[in-house]
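Subject: Structure handover

Hello,

I am passing a structure on to you with this email, and below it you will find an account of what was found. Please keep the structure open while you read, so that you can look up each part as it is mentioned.

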Amino acid sequence: MELKAGSRWRSAVCDTEVVVVRAPSGAASLECGGQPMIAHDAERPEGGQVADAFSGGTQMGKRFADPETGIEVLATKGGAGSLSLDGQPLALKDAKPLPSSD
Amino acid sequence: MNISMLLEMVADSAGDRVAVGSLTYAELLERATAGAKLAGDGFIAVDVNSEAVPIGLFSAALAGVPYIPVNYRLADEQLRAIVERAAPGTAVVDPDVVGRLAGISGLQVIDRPSFLDSIAGGEERGVAPSDPDAIAVLLFTSGTTGAPKAAVLRHSHLSSYVLGTVEFLGSSPDDAALVSVPPYHIAGIAAVLSSVYGGRRIVYLPQFTPEAWVDAARREAITHAMVVPTMLGRILDHLESSGERLPALRHLSYGGGRMPVSVVERALTLLPDTGFVNAYGLTETSSTVAILTPEDHREAMASDDPAVRARLGSVGRPLPTIELEIRHGEIWVRGEQVSGEYEGIGTTVRDDGWFPTKDGGRLDDGGYLFVDGRLDDVIVRGAENLSPGEIEDALVEHPAVAEAAVIGAADDEWGEVPVAFVVTSADVTESELQTWVRDRLRSSRVPARIEFLDELPYSETGKLLRRVLKSEL
């Protein structure tokens with residue numbers, strides 16, 4: 001899968017959708033619920049299940065990153081599966097809320 | 001990512017919230033989707049503030065073409081020259097502007113009411129373009145010399161700024177932002193994007209007057225607002241004379257120009273329940289790169305330590321997503337929101353990502369940034385560099401001086417000498433003011449001449465127009 005910045009992906013096993021904010025440094029597989037994510041415009045296959053090890057859920061509006069590959073994704077829809085890259089869970093990128101300057 | 005996804009997410013999760021005017025977030029997205037079909041090769045807006053601004057911004061994003069807001073107050077010749085550069089595309093304009101844009105090649109002109117009518121039915125959403133390096137917004141900056149330049153802001157810059165500074169749906173449904181900065185100012189663009197992603201209602205003030213601003217703030221129970229320095233001073237004057245207060249206002253941010261400390265102190269005294277935010281940023285950095293937070297304001301105001309107290313005159317500390325350094329007196333920044341690019345000119349961002357702002361500044365021990373103003377405005381007297389801001393601050397501290405501007409004037413002996421223009425509120429003489437400055441600063445800073453004016457020339461976004469003063473010398 002080509003995880004280009006701006007590309008959109010959906011989970012094969014739950015409702016989660018993401019957009020890639022920053023591409024990873026090399027080839028990698030982005031997964032949700034333990035299964036590789038599929039192209040945003042692809043049909044979700046039937047019968048898929050969220051794997052227990054990746055069932056923590058993904059919350060809309062949160063960002064996830066992997067410092068090693070540099071990938072960063074934004075969850076544009078939430079779902080029951082959690083995100084991973086080549087089997088390694090992606091960490092929640094905590095953002096300190098700032099006072100509004102706009 | 002394309003900035004339209006910010007709106008899509010909010011429309012999905014909180015589509016019933018009011019976005020702007022009577023439009024909900026779901027409706028805003030439907031209309032922007034319809035507007036995208038009319039955008040052509042570029043969405044040009046020559047208009048006052050209204051819901052057509054966020055609709056236009058997202059229409060352009062969904063169509064994958066730039067949004068190009070232009071100042072409708074420009075003289076005909078300048079306006080046409082800019083729109084000719086921005087064409088081809090569709091221009092959505094105030095009805096009064098239609099005739100002024102006649103006959104421009106490649107331009108389709110629609111007046112705002114007709115545009116809003118034609119998209120009122122909305123449109124089912126499609127798939128937004130995915131190229132993060134596409135141009136989201138072109139902003140023509142006034143510049144001090146020569147032809148106007150168009151700053152290029154790509155989707156990646158604006159979305160990085162929003163993702164790094166705004167919490168998704170972090171606003172309560174009762175929050176409302178009053179936007180009085182014009183759409184062709186970066187603060188007007190940032191206000192739309194930050195409000196949308198936070199899920200905050202936008203209230204537009206089409207034309208700023210202090211009375212209209214206070215009226216709108218009270219009527220709409222405004223919780224957040226951003227103003228430029230000249231606006232804040234006038235709002236405070238109005239509050240003082242009318243006795244009105246703003247009980248709903250939780251956050252008032254100011255920026256876009258130099259703010260006298262005396263005005264900040266007045267504001268904190270007059271509105272003790274409002275959190276003040278001083279924001280520093282440039283068009284080329286997708287707006288804010290440093291902020292002085294409400295806590296910083298309160299701490300500085302309450303402190304006996306002169307160094308802490310002085311921070312009321314700072315712009316605070318860099319955003320966590322921004323790196324900031326002072327190199328030879330110049331402010332340099334690095335971060336994903338930094339564009340630094342001009343159309344047809346290219347980028348001034350270095351290969352390692354650092355961008356020279358052309359603003360002079362310094363950091364104190366706590367990492368607070370003090371901005372001295374544009375390096376182009378520095379006055380070179382003999383071999384000494386003088387910052388106009390320092391002299392202006394000293395002058396404004398005088399009880400009889402309401403406003404001050406200092407520029408360099410050619411001088412046979414020194415090359416350049418500082419000359420001051422002041423607006424006074426009580427009687428004071430030139431020599432009294434010169435003595436006042438000499439008592440506070442080194443003698444080289446004393447203005448060689450002081451002119452008394454009824455008012456200083458400002459742009460409508462609060463920038464002091466030094467070139468106008470220069471031309472008077």
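**Chain B as a whole**

Among the contacts in chain B between residues at least 6 apart in sequence, 64% join residues that are at least 24 apart. Please keep in mind throughout that this is a predicted model. Chain B holds 15 helices and 26 strands, and its radius of gyration of 23 Å is close to the 23 Å that the globule rule gives for 473 residues, so chain B is as compact as a globular protein of that length. Along the principal axes, the C-alpha trace of chain B spans about 70 × 45 × 45 Å, and 49% of the 473 residues in chain B are buried. The domain assignment gives domain 1 (4-179) and domain 2 (378-472) for chain B, and the centres of these two domains, taken over C-alpha atoms, are separated by 40 Å.

**A helix and a loop residue in chain B**

Helix α2 of chain B covers residues 25-36, and its 12 residues should span 16 Å at 1.5 Å a residue, which agrees with the 16 Å found between its end C-alpha atoms. How many of the 12 residues of α2(B) are buried? The count is 11 of the 12, so the helix is largely enclosed by the rest of the structure. Among the buried residues of α2(B) are B:Y25, B:L28 and B:L29, and also B:E27, B:E30 and B:R31. If you want to find what covers the buried residues of this helix, the elements to look for include α1, β1 (18-20), β2 (23-24) and α3 (52-63) of chain B.

B:P129 has its place in the loop between α5 (112-118) and β7 (135-141) of chain B. Is B:P129 buried or partly exposed? It has 17 other C-beta atoms within 10 Å, whereas a residue needs 20 or more to be buried, and therefore B:P129 counts as partly exposed. Leaving aside neighbours within four places in sequence, B:P129 is in contact with B:N2, B:G64 and B:A134. By contrast with those contacts, B:P129 and B:R266 lie 47 Å apart in space, C-alpha to C-alpha, and 137 residues apart in sequence.

**Chain A as a whole**

Chain A has 0 helices and 10 strands, and its radius of gyration of 13 Å is close to the 13 Å that the globule rule gives for 102 residues, so chain A is as compact as a globular protein of that length. The C-alpha trace of chain A spans about 45 × 25 × 25 Å along its principal axes, and of its 102 residues 48% count as buried. Within chain A, residues 24 or more positions apart account for 59% of the contacts that have a separation of 6 or more.

**The sheet in chain A**

In chain A, 6 strands form an open sheet in the order β5-β1-β2-β7-β6-β10, and the pairing is antiparallel. The edge strands are β5 (38-39) and β10 (91-92) of chain A, each of which pairs on one side only. As general background, the strands of a sheet pair through backbone hydrogen bonds, either parallel or antiparallel.

It may help to begin at strand β2 (residues 17-22) of chain A, which is mostly covered, with 6 of its 6 residues buried. Strand β1 (residues 8-10) of chain A pairs with β2(A) in the antiparallel sense over 3 bridges, and A:W9 stands opposite A:V18 in β2(A). These two strands, β1(A) and β2(A), form a hairpin with 6 residues between them. Strand β2(A) is also joined to strand β7 (residues 72-77) of chain A by 5 bridges, and these two run antiparallel; here the bridge partner of A:V20 is A:V73 in β7(A). Further along the sheet, 2 bridges join strand β6 (residues 63-65) of chain A to β10(A), again in the antiparallel sense, and A:A65 stands opposite A:A91 in β10(A).

**Where the two chains meet**

Across the interface, 36 residues of chain B are in contact with 21 residues of chain A. Several elements of chain B each supply at least two residues of the side that touches chain A, including α1 (4-14), α6 (155-165), α7 (186-198) and β13 (275-282). The residues on this side of chain B divide into 18 nonpolar, 15 polar and 3 charged.

With best wishes

Key: Residues are numbered from 1 along each chain as its sequence is written. Chains are lettered from A and ligands numbered from 1 in the order in which they are written. This is a predicted model: local features need pLDDT of at least 70, side-chain atom pairs count only at pLDDT 80 or more; totals for chains, interfaces and linings use all residues. Helices (H or I, at least four residues) and strands (E, at least two) are DSSP runs, numbered from the N terminus. Two strands pair if DSSP finds at least two bridges between them. Two residues are in contact if their C-beta atoms, placed from the backbone, lie within 7 Å. Ala, Val, Leu, Ile, Met, Phe, Trp, Tyr, Cys and Pro count as nonpolar, Asp, Glu, Lys and Arg as charged, and the others, Gly among them, as polar. Domain bounds come from an automatic or database domain assignment. The expected span of a helix is 1.5 Å times one less than its number of residues. The radius of gyration is taken over C-alpha atoms; the globule rule is 2.2 Å times the number of residues to the power 0.38.
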